[in-house]
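Got the viewer open? Grab your mouse and let's take a walk through this one together.

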Amino acid sequence: MSDHNGTILSVNNLKTYFQTEDGIVKAVDGISFELKKGETLGIVGESGSGKSVTNLSVMRLIQEPPGKIVDGDIVFDGIDIRGLSIDDVRKIRGKRIAMIFQDPMTSLNPFLKISTQLMEVSRLHLGHTKKEAYVHALKMLKTVGIPDAESRIDNYPHEFSGGMRQRVMIAMALSCDPELLIADEPTTALDVTIQAQILELIKDLKERMGTSVILITHDLGVVAGMTEKIIVMYAGKVFEQALTTELFATPASPYTKGLLRSVPDPAHEQGKELYQIPGLPPDVAHLPAGCPFAERCYRVEDICRREFPPFVQITQDHHSLCHFAKEVYAESVAERAALVK
Amino acid sequence: MFSFILRRLLIIVPMALLVVTLTWVLIRLAPGNFYSSEKKLPPAIEANIKKRYGLDKPWYQQYGLVMLNIVKLDFGESLKYQGQTVNEIIGRHLPYSATMGLLAYLLALAVGLSAGIFAALRQNSLWDHGSMAIAMLGLSVPNFVLGPTLVLVFALDLYILPPARWGGIANLILPVITLSAIYCAYIARLTRAGMLEVLRSDYIRTARAKGLDEKTVLLKHALRGGIIPVVSFTGPALAGLLAGTVVVERVFSIPGLGNIFIQAVLNRDEPLVLGIVAFLSILIMIFNLAVDISYGFLDPRIRYE
Amino acid sequence: MDFWIRGSATNNQGMEAEQQKIVKGTSLWRDAWKRLLKNKLAVFGLIVLVFMVVSVTIGPPLLAWTTGLTADFIPADSDLLNSFPPSSGHLMGTDEAGRDLLARVLQGGRISLMVGIISTFVSLIVGVSYGAIAGYLGGRIDNLMMRIVDIIYAIPYILIVIVLLSVFRGPNTPHWIAWMSEKFGGAGNQGLSQIFLLFFALGLVSWLTMARVVRGQILSLKNQEFVLAAKATGVSAFGIIFKHLVPNALGPVIIYATLTVPSVMLTEAFLSYLGLGVQAPYASWGSLASDGVKNIAIFPWQLIFPGVTMALTLFSLNFLGDGIRDALDPQTRKF
């Protein structure tokens, strides 16, 4: 369908700012990334790092005011999303780009039946009649593994458990066979056992339907087995960008290293303290002049507090926003070598 | 559901009895009685009348009589309007108040809901601030000022509407507007707040992410949750409108129930006061029950056990 | 280097502020105050209110001193059957008895504003205590206390006001009410103590919603750790309710109280219109406006000045109340 080197979404220098009482918050400040067809991209970061805002910007779902996309390009399958009229954006939303949200408890409308909420998508985008839409909704519920879908389709959201609701959300998102699925922390609000099921479902559906996926999470464990590429975000910036295997093996950003160290390891020795990155994420409304991570960084030097770090290319697909990216990378490679030995 | 309604209906009886009891105590607490405020009657005649109303009996027998009357829904004869039963008086004056109250509430719903929804949609726009300022004005101008001002402008200056009295539809316009102003303001503010709350919720974001247009998002997804505060306001508001029309009745010379009630209280016309209080409290409780039932239609999460 | 020093200094300040917030909680109120000051309508309301309070406080003596006009002064040259429109001598005109309307509006403002303050205060005391006790005790007592509230709700408040006013009329007026009115307006003043009685009666019919609000708050607070801690250290039930629970429920109480002020003022006006409120020779904005209504077509200024003054004050109170609610409850705040 597209001849743009198989690229489905490319975001270039995206800046989304919010006007608040404390001044302008640069929630997303110059983000760039590219997603190929059928690929899965992970976006990782702490809360407030701008990962959700990035994807709401892609869907043009930023409430304006207080938010505004101030700069950058968002190109979806050759279409300039920023240049579209809101009516044309609506034709893409839910049909070609679909979204799953964090909290399935609040993301479904409590006042409407599941069937109503599912049917309105396919009636809108696929021109289904009421009957067709109902059959389609039922099919989707079965696809996402809702047991006894025939009798549950006319239930209300509160009659479903959290995991089942997230399945309904996924059914809704996939009902028009979208080219891109954005899953914004799809498992955060769920129990651990359910988390695995939902991730497995997304992975399975993606493979069957050939959908490209952006998976947003604060949990590195979630993206590990799911994605080809990962972006690590901090304070509205991309801190590191790499292929998943490379990022886990040889991170080139002190922040990523910190995140990796703070993932609990099942083999973790009892009584040994879990690692955590010291301090709190910075106040995005009042960022310091230098590196926003400087105050929390283990290898901070004067230059970090003085100058904003460069975006250093390490290998073909590996970039890191750090004054000492190469040094950190070398460190990781050495550690890796020691570990393998 | 059925047993819920039945139970709630049954509770109304003891609640109404308690309300009337408290009212009776209040009337008896106040010094003086109907006869001390009327012109002095010869003692023999007064004793005679008291006997007729059972006022010569000890207080507990009188109280028992009152309770019995309530259960029979027969409140006896008014002291002031002799020869007329309380039920007749209520039946004669209620239609005026009820017509005005109902029309006023419908008007308030129509204007208040649309103003509130538009204000929420265009939050912080000129329309939003303007309509909310007008609503605030509605809450700040006493209706005994608003009514005569409307009369002055539309009846005495422009001669387009009749200034007072009961009659055709034209006679109803000014009193209904006067009566509905404050309710209109309340509903507009409640609607706006409710809609804003809902429009910020996650499921509205989901609806937008589906590609629905704003009209569908608003009418299909947001409206139900947004107007719940208005629904809970409706019960007490309707009850208040049926009885609380006294100012409008005075301004426009309409023989409604509100004025009758105030006069009855001032005259210590005990049967009439008790009758109207019992009638209104039952009405309030029925309205509240209706509101609770309609919640169930609006919000599927509510279950009646 | 310069950057670094400044940067870390602000960071330290930020952390200190954070700690203070946890320890004292005072900056919570300062934040609310800041938010309030950003709300233009609330600030407008605040300014108008301050202006009104200052005017009614120093206005009457000032007017008497400069022009000799007081609320019940009838000039010798006045035409007893006529009312004069505004002029340089009488800025708001006169009423039918020839009394200066400005003086009466200023004097009436004292009564009207006092209705707002005293009645709200009474409803605050009764409502907060009742609601807090019901919520804290819980169980059957709570249930009973709340059913009583339901029943009082169903009785027309006007009946209660009339009964309270007639029960405590004249010689039955409680001593402390008489004492208060003496402190305010001098001894042996029957009329004034009746007005004070009205303040209390209005307060006594306005506490029901407050009681519900407070009860709800207490119910959600009473099982939290700080209450358990207080119990464990042997604080009495009274101490827990009024020292630990009520201060934590202060936000909604303040919000509701600020909205009660305009509502009781409006109720007083309504009672005055029915002839049950403030009686001659005293006046309130409500009674002046309802007097003015009678002559609306001939002497419109008799309605316009007290009516506009009152509406403007209520308008400001409502806006201020909204502003305080938005400031204390940032979740409902406008974005």
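**First stop: chain B**

Select chain B and colour by pLDDT, the predictor's confidence in each residue, from 0 to 100: the mean for chain B is 79, and 87% of its residues reach 70 or more. This is a predicted model, where local features need pLDDT of at least 70, side-chain atom pairs count only at pLDDT 80 or more, and totals for chains, interfaces and linings use all residues. Residues are numbered from 1 along each chain as its sequence is written, while chains are lettered from A and ligands numbered from 1 in the order in which they are written.

Now pick helix 2 (residues 34-37) of chain B: among the elements of that chain, its mean pLDDT is the lowest, at 58. Helix 9 (residues 202-209) of chain B has the highest, 88. Helices (H or I, at least four residues) and strands (E, at least two) are DSSP runs, numbered from the N terminus. Where pLDDT is low, don't read the predicted coordinates in detail.

**Next: where C meets B**

Show chains B and C. How many residues of chain C are in contact with chain B? There are 31, and they meet 30 residues of chain B (contact means C-beta atoms, placed from the backbone, within 7 Å). Helices of chain C that each supply at least two residues to this side include helix 5 (139-154) and helix 14 (301-328).

**Last: a sheet in chain A**

Select strand 9 (residues 229-234) and strand 10 (residues 237-243) of chain A: they run antiparallel, joined by six bridges. Zoom in on Val232(A), which stands opposite Glu240(A) in strand 10 of chain A.

Methods
Two residues are in contact if their C-beta atoms, placed from the backbone, lie within 7 Å. Two strands pair if DSSP finds at least two bridges between them.
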